[in-house]
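Let's take a walk through a protein chain together, one piece at a time. Keep the picture beside you as you read, and look for each named part as it comes up.

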Amino acid sequence: MTLALIADDEPALARHLQQQLAALWPELAFAPLARNGLEAAERIAELEPDLAFLDIQMPGLSGLEVAQGIEGQTRVVFVTAFDEFAVQAFEHEALDYVLKPVGSERLRRTVLRLQQALAAPPAIDDARLAAALRRLQPIAPAAPAERLRWIRAGSGDVVHQLAVDDVLFFRADDKYTCVQTAETEHLIRTPIAELAARLDPQRFVQVHRSTIVNLAHLAGTRRDEASRLFVRVRGCDRELPVSKAYVHLFKAM
């Protein structure tokens, strides 16, 4: 069974796309619709669908930002209403896309290409894909959100007010997100994807789909014998793994 996720903040357009896909590809199964970039990132991480049809401009995170954070083998198709100039950029980067309103003939060709790609062994160059998504990012900015300055974390009957600048890193842990400071660890229910959208990108960087690090507390990096990259944070003894999609952030280190 091939599982597909559709992410679009316009439910009517998402349903129309699903109906067209179901007609062209009867064996295709569908995950619940994601109505914004945050939901899309969470469901891709949880379900690891074979395909993700991502609207480019969504609240919280753009389709490009969601794609950049994918860890597994989910193949992305961008759904865009952009003009011809922007579409040429996608063609130049050899990324799959369909235009809004989605035409049946164009979608049929996309489905055939996807079926062929899924039947072949994966041959994705992670560094090339990450570089392509970064180059395309300026054409699809996400909706601006107010930057977080404080985190409220409950502990029994006490609610702690934590300054975001004091946080060493955030790490997703099952149904909670761990907020690590130099003194202790707190648990909050805010998903890691929602935090990523509201933190200052000049200070906080995502190094893994489950981890966001405060650069102000970064102590250094280390590579192991398998060339996997880890970051070290002041005030914390543990090392944090960096996934392939984010290694480029530490090239100079």
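Our walk starts at a pair of strands. Strand β6 (residues 150-155) and strand β7 (residues 158-163) are joined by six bridges and pair in the antiparallel sense. If you look for alanine 153, you will find that its bridge partner in β7 is histidine 160. The two strands form a hairpin with two residues between them, and glycine 156 in this hairpin takes a positive phi near 65°. Please bear in mind that everything here comes from a predicted model.

**The chain as a whole**

Now step back for a moment. The chain has 15 strands and seven helices. Of its 253 residues, 44% count as buried. About 13,600 Å² of the chain is exposed, and carbon and sulfur atoms supply 50% of that area. Among the contacts with a separation of 6 or more, 55% are between residues 24 or more positions apart.

**Two open sheets**

Strands of a sheet pair through backbone hydrogen bonds, either parallel or antiparallel. Which kind of pairing do we find in the sheet with the order β10-β9-β8-β12-β11? The pairing in this open sheet of five strands is antiparallel. At its edges stand β10 (185-188) and β11 (204-208); each has a single partner strand, so one side of each is left without a neighbour in the sheet. From one strand to the next, the twist averages 20°. Further in, strand β8 (residues 167-173) and strand β12 (residues 211-214) run antiparallel and are joined by three bridges. Arginine 171 has threonine 211 in β12 as its bridge partner.

The other open sheet has three strands in the order β13-β14-β15, again with antiparallel pairing. Here β13 (218-223) and β15 (239-242) are the edge strands, and because each has a single partner strand, one side of each lacks a neighbour in the sheet. Neighbouring strands of this sheet are turned by 30° against each other on average, direction ignored. Five bridges join β13 to its antiparallel partner β14 (residues 229-233). At one of the places where they meet, arginine 223 stands opposite leucine 229 in β14.

Alanine 219 is also found in strand β13. Leaving aside neighbours within four places in sequence, alanine 219 is in contact with Arg232, Val233 and Arg234. Glycine 235 is 16 residues away from alanine 219 along the chain, and their C-alpha atoms are separated by 9.1 Å.

**The loop between β13 and β14**

Aspartate 224 has its place in the loop between β13 and β14. Is aspartate 224 buried or exposed? Its relative accessibility is 12%, and the cut-off for buried is under 20%, so aspartate 224 counts as buried. Its side chain makes a polar contact with the side chain of arginine 228 at 2.7 Å. A polar atom of the aspartate 224 side chain also lies 3.0 Å from the backbone nitrogen of alanine 226.

**Helix α2**

In helix α2 (residues 37-47), the residues Gly37, Leu38, Ala40 and Ile44 are buried. Why do they lie on the same side of α2? They cover an arc of only 165° around the axis, which puts them on one and the same side of the helix. The buried residues of α2 pack against β1 (2-7), β3 (51-55), α3 (63-68) and α7 (192-198). At the start of α2, a side-chain oxygen of asparagine 36 comes to within 3.0 Å of the backbone nitrogen of leucine 38.

**Two residues with a positive phi**

Most residues other than glycine have a negative phi, and most peptide bonds are trans. Glutamate 48, just after α2, takes a positive phi, although glutamate 48 is not a glycine. Serine 227 likewise has a positive value in a residue other than glycine. The table sets out these two residues.

| Residue | Loop | Phi | Relative accessible area |
|---|---|---|---|
| Glutamate 48 | between α2 and β3 | about 45° | 47%, partly exposed |
| Serine 227 | between β13 and β14 | near 65° | 48%, partly exposed |

To finish, turn back to the hairpin where we began, and find glycine 156 with its positive phi near 65°.

Technical notes:
Residues numbered from 1 in each chain as written. Predicted model: local features only at pLDDT ≥ 70, side-chain atom pairs only at ≥ 80, totals over all residues. Heavy atoms only, no water. Pairing = 2+ DSSP bridges. Helix = DSSP H or I, 4+ residues; strand = E, 2+ residues; numbered from the N terminus. Axes fitted to C-alpha atoms, helices over the stretch in contact; angles between N-to-C directions. Buried < 20%, exposed > 50% of the residue type's maximum accessible area, 1.4 Å probe, protein only. Contact = heavy atoms within 4.5 Å. Areas by Shrake-Rupley, 256 points an atom, 1.4 Å probe, with all protein chains shown as cover. Arc of directions from axis to C-beta. Polar contact = N/O pair within 3.5 Å; in protein donor to acceptor, adjacent residues only side chain to side chain.
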